[in-house]
Amino acid sequence: MAAAAANPARKRFIAFLGGWLERQQTFLDQLLCLVDLPSSENKAHQQRHLIEQVLCHYQQYFAEKALTAEEDVFVLFSPPWLSSFERTMLWLAGFKPSLVLRMVDSSVEDLTAEQAREMEAVKGETRREERELSETMARIQESVAAPPILALARRVGRLMDGEISSLDLAMETLKTAMLGVFESADGLRGLTVRKVVEVLSPEQTVKVLAAVAQFQLGIRRLGLQRDSQQQS
């Protein structure tokens, strides 16, 4: 973590994440309270208001990630602020969009026939986009492993001026490509959530948002515990 703090972009994101996770726990508590309340007109109003707040909360997270990416996109693909366990679940610098769809399957039991059809369509579109982005990332990784770039990277510290320029150009090209993948992946994550919210009722949406928050906070606690045990 000390190395991460040396980079201003990383330091800023780590500070942001601490507060963001505290607010995430607060929102989770509120979501769970709403799930348990009996149906009423007031409950429906509270649900819509809380959904807007939670979606805004996630938008803040995406916005801060975007700022960090502009300064250091590479760190987002293996973030030092996440536990080892959390990093095993990363897909292109974040959660896999289809994870939200699995949360719908596990937490919503009263989909109408029309909702079920719409969700199947969203699943198909999302998984197709995921495959395309994964293939794009694979091509980028293959280009990094290409002999000319690999040879230059292995000789860092022993390069002539022209070779340094070639390596700088290769790294800048890689950064641009990684930034494009990151932006597309985060765009797909946001789009998938919006589609789900459009299909579900407010009551169903509250259940899904609660399930997502429980999952995220749960794997973080477990991951930090595992890292602590390994270090002791």
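This is a short talk on the fold, the nonpolar core, a few single residues and the largest pocket of the structure shown above.

Good morning, everyone. Please keep in mind throughout that what we are looking at is a predicted model.

Let me start with the overall architecture. The chain has nine helices and zero strands, so that, read from one end of the sequence to the other, the pattern is simply α-α-α-α-α-α-α-α-α. Of the 232 residues in the chain, 39% are buried, and the accessible surface comes to about 13000 Å², with 56% of that surface belonging to carbon and sulfur atoms. If we take the contacts between residues at least 6 apart in sequence, 77% of them join residues that are at least 24 apart.

Now to the interior. The largest nonpolar core contains 54 residues, and those with the most contacts inside it are F77, L92 and F182. Two or more residues of this core come from each of α2 (8–36), α3 (41–72), α5 (98–107), α6 (113–144), α8 (161–199) and α9 (202–231), and the largest share, ten residues, is the contribution of α8. What does F77 touch, if we do not count residues up to four places away in sequence? Its partners are L90, L92, A93, M137, M178 and F182, and two of these, L92 and F182, stand beside F77 in the list of residues with the most contacts inside the core.

A polar residue is worth a moment as well. S98 lies in helix α5, and is S98 buried or exposed? S98 counts as buried because its relative accessible area is 4%, which is under the 20% cut-off. Setting aside neighbours within four places in sequence, S98 is in contact with T126 and E130.

For those of you who think about cysteines, the count of disulfides is zero. C33 is classed as exposed because its relative accessible area is 52%, where the cut-off is over 50%, whereas C56, at 41%, is partly exposed.

Finally, the largest pocket, which has a volume of about 870 Å³. There are 41 residues lining this pocket, and the closest to its centre are Y58, G94, F95, R189 and Q216. At least two residues of the lining are supplied by each of α2, α3, α5, α8 and α9, and these five helices are also among the elements that give two or more residues to the largest nonpolar core.

Thank you, and I am happy to take questions.

Conventions:
Residues numbered from 1 in each chain as written. Predicted model: local features only at pLDDT ≥ 70, side-chain atom pairs only at ≥ 80, totals over all residues. Heavy atoms only, no water. Core = buried A, V, L, I, M, F, W, Y, C linked by side-chain atoms within 4.5 Å. Buried < 20%, exposed > 50% of the residue type's maximum accessible area, 1.4 Å probe, protein only. Helix = DSSP H or I, 4+ residues; strand = E, 2+ residues; numbered from the N terminus. Contact = heavy atoms within 4.5 Å. Areas by Shrake-Rupley, 256 points an atom, 1.4 Å probe, with all protein chains shown as cover. Disulfide = S-S within 2.5 Å. 1 Å grid on protein atoms, 1.4 Å probe; cavity = no way out; pocket = protein on both sides within 12 Å on 5 of 7 lines; lining within 4 Å. Points joined across faces, edges and corners; volume = space filled by probe spheres on them.
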